[in-house]
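Colleague: Could you take me through one part of this model, the inside of the protein, and go slowly? I'd like to see how one buried position sits among the rest.

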Amino acid sequence: MRKTFRSFILTFVFMLSMISTSFAAMPEISSNSRYFDFTTKCFVLDGNVVVKTDDRTIKADKARVNLITKEVWADGNIYLEEPGQQINFTGGNLYAADETKTVTIKGNVNFQRPDITIKAERCSFNWKTKIAEFDNLVEVTKDGKVDVYDVVHYNVIEDKIIDAQ
C-alpha cells in the first residue's frame, strides 16, 4: 500500500514537471468538473469548458487536453476565438494541435465577419498562415447573396476568398 502511494506521488510529480517544461506559458483551464486520466495523459473536462492561451480561446461542453503534446479534443457548442485578430468559429466538435498549428472544427461550422458569413460541415484553420479551408456543403453569404461550393479557401487576415470550387 505504501509502495503504491509512493509510486503514485512520484508519477504525479513527474507529470507536473513534464507539463511545466512543455509550455512556456501554461494555458488557463476552467470547467465545472475535471480529472486527470493517467492512461491518456489528458485532463478530462466537463461543463462550461474554457481553454485559454495567449493567442486563442476554446470553449466547449466537454474536452480532453494533453498539456504535453499541446492537443485539445472538444465536443459540444464549440467556440474558437483569436481575440487579437477578431477571428471566431463555432461548431460541433474540435481538434487542435500545436505541432501542426491547426484546428479542425466539424459539424455546423460557422465563421462570421461583418461583411461575410461562411457555413460548412468542416473547417481546417491554420493559425500560423491564417488560412481557413471550408468543405462539405459550403455556404458563403456576402452582400446579401448566397453561393454554395464544395471547398472554399479563405484568408482571414486579408478578409478574402482565395479559392472557391
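Modeller: First, a term: a strand here is a DSSP run of E covering at least two residues, and strands are numbered from the N terminus. Keep in mind that this is a predicted model.

With that settled, start at T104, which lies in strand β7. T104 counts as buried because its relative accessible area is 19%, and the cut-off for buried is under 20%. Setting aside neighbours within four places in sequence, T104 touches N93, L94 and Y95, and also R122, C123 and S124. One of these partners, C123, has a relative accessible area of 0%, so C123 is buried.

L94 takes us to the core. Together with F89 and F134, L94 has the most contacts inside the largest nonpolar core, a set of 34 residues. At least two residues of this core come from each of β3 (42-52), β4 (57-66), β5 (71-82), β6 (87-97), β7 (102-113), β8 (116-126), β9 (131-142) and β10. The largest share, 5 residues, is supplied by β8. As a rule, nonpolar side chains in soluble globular proteins tend to be buried together.

Now look around F89. Leaving out neighbours within four places in sequence, its contacts are I78, Y79, L80, I105, N110, F111, C123, F125, A132 and F134. So what do T104 and F89 have in common? C123 is in contact with T104, and C123 is in contact with F89 as well.

You may be wondering about the cysteines. C42 is buried too, given its relative accessible area of 2%. A search of the whole structure turns up 0 disulfides.

Stepping back, the protein has 1 helix and 11 strands, and along the sequence the pattern reads α-β-β-β-β-β-β-β-β-β-β-β. Of its 165 residues, 36% are buried. Among contacts with a separation of 6 or more, 29% link residues 24 or more positions apart.

For contrast, go to the outside. V148 sits in strand β10 (residues 145-155), and V148 is exposed because its relative accessible area is 54%. V148 joins L137 and V146 in a nonpolar surface patch, with about 300 Å² of accessible area together. The protein exposes about 9800 Å², and carbon and sulfur atoms supply 52% of that.

Terms used. Residues numbered from 1 in each chain as written. Predicted model: local features only at pLDDT ≥ 70, side-chain atom pairs only at ≥ 80, totals over all residues. Heavy atoms only, no water. Patch = residues over 30% accessible without salt bridge, like charges linked within 9 Å, V, L, I, M, F, W, Y side chains within 5 Å. Areas by Shrake-Rupley, 256 points an atom, 1.4 Å probe, with all protein chains shown as cover. Salt bridge = Lys/Arg side-chain N within 4 Å of Asp/Glu carboxyl O. Helix = DSSP H or I, 4+ residues; strand = E, 2+ residues; numbered from the N terminus. Buried < 20%, exposed > 50% of the residue type's maximum accessible area, 1.4 Å probe, protein only. Disulfide = S-S within 2.5 Å. Contact = heavy atoms within 4.5 Å. Core = buried A, V, L, I, M, F, W, Y, C linked by side-chain atoms within 4.5 Å.
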